[in-house]
Every structure is written in C-alpha cells, then in structure tokens.
Amino acid sequence: MGKTLKRSAAFTALARALMAGARGGPSLGTRLAALPRMIRATTRGEYDGGLRLALMTAATAYIVSPIDLLPEIPLAIFGLADDAVMVTWLAGSVLAETDRFLEWEARRSSVIPGGLVP
C-alpha cells in the first residue's frame, strides 16, 4: 500500500506540475534553469531542499546505473518497468521541487533584509 501511495503521489505531482506549466505557470526551461540555483541555495543552507535533492540524485544514479534491482535482460518488460517508475517519479519530483523553489525565490526577493528596530 505504501509503495502504491508513493507512486501515485509522484504521478500526481508530475501531472500537476505539467498542467501548471500549461496554465501559465513556469515553463520547463525556467524550471530547468532553476535547478543550479536550487542546488546552490541548498548547499549554502538557504533553501530546505537537501533531502529532496538527495533523493533525486539517488534516483538519477539508479536510472543511469548498469546495476538494477530488476535487470532488463532476464526480466524483459518487468526490468524496464522499475526504470519507468523511477523516471516518472524523478520527473514529477524535479517539476514539483523547482516549482516550490521558484515560489520560495519569489517570496525571498520581496523581503527587505534588515533587522528589527527596538
């Protein structure tokens, strides 16, 4: 049940992010251009995306790795299914996280730095 829920959440995030872009939200190019800024802000401790970036990095490593949980050769279609699920989850996660980051960036740019005056 837990894996099904996580997979459906990834598919939902992917669909929501794609629809947001189609409805006037950030374009795919804007989202992809935000990735380096998001990584930089996370490594500096300004943005709280560390765990999500680690999971996305692990998913990318799993997809490009020659070692698979379900190998393609002996298991044919089942071996490709785990990769398809990972690619879908990764795409949904990247789109959702970049959307969240772009909103964070917009809110952050509207804040005037300074301190409280006693």
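Me: Which residue with a positive phi follows helix 2?

Reply: In this predicted model, the residue is G45, and its phi is near 85°.

Me: How many residues does helix 2 have, and what distance does helix 2 reach from its first C-alpha to its last?

Reply: The idea is to set the span of a helix against an expected rise for each residue, here 1.5 Å. Helix 2 contains 16 residues and extends 23 Å between its terminal C-alpha atoms, close to the expected 22 Å.

Me: Where in helix 2 does a kink lie?

Reply: The kink is at L35 and amounts to about 30°. The proline P36 comes shortly after L35.

Me: Which residues of helix 2 are buried?

Reply: An α-helix has 3.6 residues a turn, so residues three or four places apart point the same way. In helix 2, the buried residues are R31, A34, M38, A41 and T42.

Me: Taking T42 as an example, what is its relative accessible area, and which residues is T42 in contact with?

Reply: A residue counts as buried when its relative accessible area is under 20%. T42 has a value of 14% and is therefore buried. Beyond its neighbours within four places in sequence, T42 contacts Y47, G49, G50 and L53.

Me: What does the chain as a whole look like: how many helices and how many strands are there?

Reply: The protein chain has five helices and zero strands, which gives the pattern α-α-α-α-α along the sequence. Of its 118 residues, 25% count as buried. The chain exposes about 8200 Å², with carbon and sulfur atoms supplying 70% of that area.

Me: Among contacts between residues at least 6 apart in sequence, what percentage join residues at least 24 apart?

Reply: The share is 67%. An individual separation can be read in a similar way, by setting distance along the chain beside distance in space. G92 and T12 are 80 residues apart along the chain, yet their C-alpha atoms are separated by 7.8 Å. G92 belongs to helix 5 and is buried, as its relative accessible area is 0%.

Me: Which residues make up the largest nonpolar core?

Reply: In soluble globular proteins, nonpolar side chains tend to be buried together. Here the largest nonpolar core has twelve residues: A34, M38, A41, Y47, L53, M56, A59, L90, V94, F101, L102 and W104. Helix 2 (28-43), helix 3 (50-64) and helix 5 each contribute at least two residues to this core. Helix 5 contributes the most, with five residues.

Me: Where is L102 found, and which residues is L102 in contact with?

Reply: L102 is in helix 5. Its relative accessible area of 15% is under the 20% limit, so L102 is buried. Apart from neighbours within four places in sequence, L102 contacts P26, T30, R31, A34 and R37. Of these contacts, R37 is 65 residues from L102 in sequence, with a C-alpha to C-alpha distance of 9.7 Å.

Me: Is T98 buried or exposed, and which residues does T98 touch?

Reply: T98 has a relative accessible area of 0% and is therefore buried. T98 is placed in helix 5, which covers residues 77-109. Not counting residues up to four places away in sequence, T98 touches R31, L35 and M38. L35 is also the site of the kink in helix 2.

Me: Is V87 buried or partly exposed?

Reply: V87 is partly exposed, because its relative accessibility is 42%. This residue also lies in helix 5. V87 and Y62 are 25 residues apart in sequence, and 9.6 Å separates their C-alpha atoms in space.

Me: How many aromatic pairs are there, and how far apart are the ring centres of Y47 and W104?

Reply: A pair of aromatic rings is described by the distance of the centres and the angle of the planes. The count is three aromatic pairs. For Y47 and W104, the ring centres are 5.1 Å apart and the planes stand at 55°, so the pair is tilted. Y47 lies in the loop between helix 2 and helix 3, while W104 lies in helix 5, so the pair ties together parts 57 residues apart in sequence. Both Y47 and W104 are buried.

Me: Which residues form one aromatic cluster?

Reply: The cluster consists of Y47, F101 and W104. These residues also appear in the largest nonpolar core.

Definitions and conventions:
Residues numbered from 1 in each chain as written. Heavy atoms only, no water. Helix = DSSP H or I, 4+ residues; strand = E, 2+ residues; numbered from the N terminus. Buried < 20%, exposed > 50% of the residue type's maximum accessible area, 1.4 Å probe, protein only. Contact = heavy atoms within 4.5 Å. Core = buried A, V, L, I, M, F, W, Y, C linked by side-chain atoms within 4.5 Å. Phe/Tyr/Trp six-rings, centres within 6.5 Å; stacked < 30°, edge-to-face > 60°. Areas by Shrake-Rupley, 256 points an atom, 1.4 Å probe, with all protein chains shown as cover. Expected span 1.5 Å × (residues − 1). Bend = angle between axes of the 7 residues up to and from the residue.
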